[in-house]
Amino acid sequence: QVQLVESGGSLVQAGGSLRLSCVASGRTYSIYRMGWFRQAPGKEREFVAEYRWGAGIKEYADSVKGRFTISRDSAKNTMNLQMNSLKPEDTAVYYCNAVERGEGGNYWGQGTQVTVSS
């Protein structure tokens with residue numbers, strides 16, 4: 001199994017920046033991609049960004065392109081999300097996600113709250 005722990009969520013003013021981190025532990029050798037999702041009150045969970053480790057491919061939701069950057073520190077089994085130019089509509093609980101190769105599992109962290117005030 002894989003365990004995920006997020007950190008870095010906070011209250012920030014519009015236009016500000018935050019850096020979220022997700023530390024993976026357990027069967028990390030089996031992970032082939034990790035990503036970030038978010039869920040705002042009353043809305044469904046939505047994709048934000050992902051990083052396919054082996055291929056080094058990064059993808060972003062249109063709503064965050066040019067503002068958010070996903071990165072990986074392989075030595076620390078950590079994935080980061082640098083969020084710049086934050087907007088009130090970025091307010092949500094942000095979840096880290098990891099997917100194993102083949103028929104492996106799909107894992108979620110507990111979430112970290114990001115609140116952007118106008």
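Is E59 buried, partly exposed or exposed? E59 counts as partly exposed, at 34% relative accessibility. On this scale, buried means under 20% relative accessible area, exposed means over 50%, and partly exposed lies in between (1.4 Å probe, protein chains only).

This is a predicted model, in which local features need pLDDT of at least 70, side-chain atom pairs count only at pLDDT 80 or more, and totals for chains, interfaces and linings use all residues. Residues are numbered from 1 along each chain as its sequence is written, and side-chain values use heavy atoms, with hydrogens and water left out.

**Overall fold**

The protein chain has eleven strands and zero helices. Both are DSSP runs numbered from the N terminus: helices are H or I with at least four residues, strands are E with at least two. The C-alpha atoms fill a box of roughly 40 × 25 × 25 Å, taken along the principal axes. Buried residues make up 42% of the 118 residues. Of the contacts between residues at least 6 apart in sequence, 53% join residues at least 24 apart, where contact means heavy atoms within 4.5 Å. The chain exposes about 6100 Å², of which carbon and sulfur atoms supply 46%; accessible areas come from the Shrake-Rupley method with a 1.4 Å probe, and for residues only the protein chains shown count as cover.

**Salt bridges**

Side chains of opposite charge can pair when their charged atoms come close. A salt bridge here is a side-chain nitrogen of Lys or Arg within 4 Å of a carboxyl oxygen of Asp or Glu. By this rule the count comes to eight salt bridges, including the three below.

| Acid | Base | Closest N and O atoms |
|---|---|---|
| E100 | R27 | 2.6 Å |
| E46 | R38 | 2.6 Å |
| E59 | R52 | 2.5 Å |

The salt bridge of E59 with R52 is part of a network: salt bridges that share partners join R33, E50, R52 and E59. R52 is partly exposed, with a relative accessible area of 27%.

E100 forms a salt bridge with R27, and this pair links distant parts of the chain: E100 lies in strand β9 (residues 92-100) and R27 in the loop between β3 (18-26) and β4, 73 residues apart. E100 is buried at 3% relative accessibility, whereas R27 is partly exposed at 31%.

In the remaining pair of the table, R38 is buried, with a relative accessible area of 6%, and E46 is partly exposed at 35% relative accessibility.

**Aromatic rings**

Rings of Phe, Tyr and Trp (its six-membered ring) pair if their centres lie within 6.5 Å; planes under 30 degrees apart count as stacked, over 60 as edge-to-face and the rest as tilted. By this rule the count comes to two aromatic pairs. F37 and F47 form an edge-to-face pair, 5.7 Å centre to centre with 75° between the planes. F37 is in strand β4 (residues 31-39) and F47 in strand β5 (residues 46-52), ten residues apart. The rings of F37 and W108 have their centres 5.0 Å apart and their planes at 70°, so this pair is edge-to-face. W108 belongs to strand β10 (residues 106-108), 71 residues from F37. Ring pairs thus link F37, F47 and W108 into a cluster.

R45 adds charge contacts with rings. A charge sits over a ring if NZ of Lys or CZ of Arg is within 6 Å of the ring centre and within 35 degrees of the ring normal. R45 lies over the face of W108, at 4.6 Å from the ring centre, and its charged end sits over the ring of Y95, 3.7 Å from the centre.
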